[in-house]
Amino acid sequence: MTLNSISTPAAIIDTARMRANIRRMQERMNGLGVAFRPHVKTAKSLPVTEAQLAAGAKGITVSTLKEAEQFFASGITDITYAVGMAAAKLPQALRLMRQGCELKIITDSLESARAIAAFGKENNADFAVLIEIDTDGHRSGVLPDAPDLADIAAALKGGGTLSGVLTHAGSSYDLSERAALEAMAEQERSGCVHAAERLRAAGFACPMVSVGSTPTALCAKALPGVTEVRAGVYVFFDLVMHNVGVCTKDDIALSVLTTVIGHQKEKGWAIVDAGWMAMSRDRGTARHGTDFGYGQVCDLSGAPLPGYIISSANQEHGIVSLAQGTDGHIAERFPVGTLLRVLPNHACATGAQFPEYHALAADGGTQVWPRFYGW
């Protein structure tokens, strides 16, 4: 199939860009002397993950146990589930472990650690557990200097073993200056390493020190004390990452193929069949210096059309217009039936709208790559 024969809207992966992004990140991690464990929640697709592993990745990170199950069934055994473990999900995690999955789970509280230990004792199981560290106040985790850090590790005894510490500097997504990104990468590193050193001083082995986000991974100057880095959205990149400053539009490997289905000439609008059900409701660029609405409009080849964005979206309708001003000739510029491609704000959210990708090769042919769903 070619793009002209695909029903729209459809998620398109530019495989040449994707492989270049994978190569760039892996080479950077190799240069920094750390292992790389990609976060596969962005694509949730086996062919993408296989390309990451083939490039040199060591293990994977997932955001759902369903992902862990799907990738384990495909032969990938070294998996970190990087979302705080809810007690009700421990049976699901245990099933994976007993099938041979080297699953690591995370905790960030005494209550959670005790629940893991109690379930492990009851089921004669030993969970590999990472303590999540909050290095930027962005989301969850234990502060590096938290007085109960060692208590959380101790609470695992009998049903869990401390495998290390893990952090994610998600606030890096709000930055755009190189110096600030480098500072955040160092803050992420130093906070997580400090937590590991405190645990070791308290008598815990703490072999793993896992850090990462796409911006900090690409901007860290050095990573002493870190054993592995995790990052996810880099595999596709998106407009948020463009605004952060770690990629160009030409690096963005995911786009949505859409068809012009009508016009509002007096308003300077072209109507397309990709609304927020295709693009997602993520408006991550709205808080940045450049707001791309629901996405940057490109021609069929993937070349950005300067100024044109999906400025508004309903469930199945997107409105293409100029970000600034009005195009009185938009109907002539984009006749009904015109195929366009739209770069997303947030690749993870846009990818999640589709059951499959159309992987676009350099010769213009496509293959269908399935995508995982569920929890």
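In strand 9, V229 is the bridge partner of V211. The model described here is predicted. Strand 9 pairs with strand 8 (residues 208-211) in the parallel sense, over two bridges.

## The open sheet

Both of these strands belong to an open sheet of eight strands with parallel pairing, in the order 2-9-8-7-6-5-4-3. Strand 2 and strand 3 are the edge strands, and each pairs on one side only.

At the strand 3 end of this order, strand 3 (residues 60-62) is joined to strand 4 (residues 78-84) by three bridges, and the two run parallel. Within this pairing, V62 stands opposite Y81 of strand 4. The connection goes through helix 3 (residues 65-73): strand 3, this helix and strand 4 make a right-handed β-α-β unit.

Strand 4 also pairs with strand 5 (residues 102-107), again in the parallel sense, over four bridges. Here the bridge partner of D78 is E102 in strand 5. Helix 4 (residues 90-98) takes part in a further right-handed β-α-β unit, together with strand 4 and strand 5.

## Two buried threonines

T107 lies in strand 5. With a relative accessible area of 1%, T107 is buried, because buried means under 20%. Not counting residues up to four places away in sequence, T107 touches S112, A113, I116, V129, L130, I131, E132 and I152.

T216 lies in helix 8 (residues 214-219). T216 counts as buried too, at 2% relative accessibility. Which residues is T216 in contact with, leaving aside its neighbours within four places in sequence? They are A169, S172, M184, A185 and E188. The C-alpha atoms of T216 and L254 are 21 Å apart in space, and these two residues are 38 residues apart in sequence.

## Aromatic pairs

The count of aromatic pairs comes to five. One of them is formed by F36 and Y234 and is edge-to-face, with 5.5 Å centre to centre and 70° between the planes. This pair links distant parts of the chain, 198 residues apart: F36 is in strand 2 (residues 35-36), and Y234 is in the loop between strand 9 (228-229) and helix 9 (239-244). F36 and Y234 are both buried.

Y308 and F334 form another edge-to-face aromatic pair, at 5.2 Å centre to centre and 85° between the planes. Y308 belongs to strand 13 (residues 304-313) and F334 to the loop between helix 11 (330-333) and strand 15 (339-343), so the contact ties together parts that are 26 residues apart in sequence. Y308 is buried, with a relative accessible area of 6%. F334 counts as buried at 5% relative accessibility.

## Charges over rings

Arginine also meets tyrosine rings in this model, as the table lists.

| Charged end | Ring | Distance from ring centre |
|---|---|---|
| R283 | Y294 | 5.3 Å |
| R371 | Y373 | 5.9 Å |

In the first row, the charged end of R283 sits over the ring of Y294. In the second row, the charged end of R371 sits over the ring of Y373.

## Cysteines

How many disulfides does a search of the whole structure find? The search finds zero. Why is C219 without a bond to C247? The sulfur of C247 is the closest cysteine sulfur to that of C219, but at 11 Å it is too far for a bond, because a disulfide needs sulfur atoms within 2.5 Å. C219 is buried, with a relative accessible area of 1%.

C348 is likewise in no disulfide, and its nearest cysteine sulfur, that of C247, is 13 Å away. C348 counts as buried at 13% relative accessibility.

Conventions
Residues are numbered from 1 along each chain as its sequence is written. This is a predicted model: local features need pLDDT of at least 70, side-chain atom pairs count only at pLDDT 80 or more; totals for chains, interfaces and linings use all residues. Side-chain values use heavy atoms; hydrogens and water are left out. Rings of Phe, Tyr and Trp (its six-membered ring) pair if their centres lie within 6.5 Å; planes under 30 degrees apart count as stacked, over 60 as edge-to-face and the rest as tilted. Buried means under 20% relative accessible area, exposed over 50%, partly exposed in between (1.4 Å probe, protein chains only). A charge sits over a ring if NZ of Lys or CZ of Arg is within 6 Å of the ring centre and within 35 degrees of the ring normal. Two strands pair if DSSP finds at least two bridges between them. A crossover is right-handed if, with the strands pointing away from the viewer, the path from the first strand over the helix to the second runs clockwise. Contact means heavy atoms within 4.5 Å.
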